[in-house]
Amino acid sequence: MAPILRITDLKKTYEGGFEALKGVTLDIEEGEILALLGPNGAGKTTLISTVCGITVPTSGSATVAGHDIITDYRAAREQIGLVPQEINLEPFETVWNTVRLTRGIFGKKRDDALLEDILKRLSLWDKKSSRIRELSGGMKRRVLIAKALSHEPRVLFLDEPTAGVDVELRKDMWDIVAELKSQGVTIILTTHYIEEAEAISDRVGVINGGQLLLVEEKQALMDRMGQKQLTIELREPLTAVPAGLSAYALELSEDGTALTYSYDVSKERTGITALLSALSEEGIVLRDLVTRQSSLEEIFVGLVKEGAA
């Protein structure tokens, strides 16, 4: 089965020569959740805007459910729901009319039951008759999400959907994402909340300087690039790491009560057995051992630094 979203060598250069996208190639399968991570100005929003038809690419191509975003843009756009970063809503319109109008714009038949369900899931049903201008910032964000879902898209783009919103909405949003995934909707999200990307995504893409540094299954990425740390808690504090342990690049805590050893989980030999023997030979008595896996955030920061070097 062909990917529902296929991006091939997509480039975007603005007047003045600024390259916002430098040949991005990416396939996304139907029903998966891809978290697109990158610092401000990395090209995340430009990539989404280009696929959604808001920005015209300089070169390259993209298809959504087989429809080219340039030559068959109407059909491609019908497959897409977009929750943008910026809140741009008609302030004097009601919530209900705003959502119903969006569904109509996409040529969908009237379905009040569906729209009612969407508003209820987003805790907006009791606000359906309120004007947009009367809503809080968090409620306006919910309306954007409702608009994006109103025409039943197969691909949903969430561009920083929970930035600056309340914890309750953030939880509701991820519950909805999980439900949409179970229905086969493909979701591409950008976020600064890396712990959320780690919790819900199937794959992670890292973009920086307009270039896609990698796209990989989340767990495979963590297994391949993650470091583990072994913290060795000591029964008696040390003033310095003994010379006989210099080969292990140990870090001594400020109070001298713990040694930290970093190792690569992908290697066959971690060196831990030899380290423990060396500690015993040095007469160091252990109190406890604790291991910790690198987080996705630490991996992401390392990749961005590497890409910028």
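**Salt bridges, a helix and the cores**

Reader: What makes the contact between Glu-233 and Arg-287 a salt bridge?

Author: In this predicted model, the closest N and O atoms of Glu-233 and Arg-287 are 3.1 Å apart. The definition asks for a side-chain nitrogen of Lys or Arg within 4 Å of a carboxyl oxygen of Asp or Glu, and therefore the pair is called a salt bridge. Glu-233 belongs to strand β11 (residues 227-234) and Arg-287 to strand β14 (residues 286-293), so the pair links distant parts of the chain, 54 residues apart.

Reader: Why is Arg-287 called exposed?

Author: The relative accessibility of Arg-287 is 54%, and the word exposed applies to values over 50%. Arg-287 therefore counts as exposed.

Reader: How do you know that Glu-30 and Arg-154 form a salt bridge, and what does the pair tie together?

Author: The closest N and O atoms of Glu-30 and Arg-154 are 3.2 Å apart, whereas the limit is 4 Å. Glu-30 lies in the loop between β2 (19-28) and β3 (33-37), and Arg-154 in the loop between α5 and β7, so the salt bridge ties together parts that are 124 residues apart in sequence. Glu-30, at 38% relative accessibility, counts as partly exposed, and Arg-154, at 35%, also counts as partly exposed. The term partly exposed covers values between 20% and 50%.

Reader: What separates Arg-121 from Asp-117 in helix α4?

Author: Arg-121 and Asp-117 are four residues apart in helix α4, which means that about one helical turn separates them. Their side chains meet in a salt bridge of 3.2 Å, N to O. Arg-121 is partly exposed at 23% relative accessibility, and Asp-117 is partly exposed at 37%.

Reader: Which residues are joined into one network by salt bridges that share partners?

Author: Asp-117, Arg-121 and Glu-179 are joined in this way. The whole structure holds ten salt bridges.

Reader: How do you know whether helix α5 is mostly covered or mostly open?

Author: Ten of the 13 residues of α5 are buried, and α5 is therefore described as mostly covered. A residue is called buried under 20% relative accessible area. Among the buried residues of α5 are Gly-138, Met-139, Val-143 and Leu-149. The buried residues pack against β6 (80-83), α3 (95-105), α4 (112-121), β7 (155-159) and α6 (167-182). Helix α5, residues 137-149, reaches 19 Å from its first C-alpha to its last, close to the expected 18 Å.

Reader: Which residues touch the most other members of the largest nonpolar core?

Author: Leu-156, Leu-158 and Ile-187 do so in this core of 45 residues. Helix α5 gives the most to the core, with seven residues. Leaving aside neighbours within four places in sequence, Leu-156 is in contact with residues including Gly-81, Ala-148, Leu-149, Leu-180 and Ile-187. A second, separate core of 25 residues includes Leu-47, Cys-52, Val-155 and Ile-188.

Reader: Why is the protein called more spread out than a compact globule?

Author: The radius of gyration is 25 Å, whereas the globule rule gives 19 Å for 309 residues; the protein is therefore more spread out than a compact globule. The C-alpha atoms fill a box of roughly 80 × 45 × 40 Å along the principal axes. The protein has ten helices and 14 strands, and buried residues make up 45% of its 309 residues.

Key:
Residues are numbered from 1 along each chain as its sequence is written. This is a predicted model: local features need pLDDT of at least 70, side-chain atom pairs count only at pLDDT 80 or more; totals for chains, interfaces and linings use all residues. Side-chain values use heavy atoms; hydrogens and water are left out. Helices (H or I, at least four residues) and strands (E, at least two) are DSSP runs, numbered from the N terminus. The expected span of a helix is 1.5 Å times one less than its number of residues. Buried means under 20% relative accessible area, exposed over 50%, partly exposed in between (1.4 Å probe, protein chains only). Contact means heavy atoms within 4.5 Å. A nonpolar core is a set of buried Ala, Val, Leu, Ile, Met, Phe, Trp, Tyr and Cys residues joined through side-chain atoms within 4.5 Å. The radius of gyration is taken over C-alpha atoms; the globule rule is 2.2 Å times the number of residues to the power 0.38.
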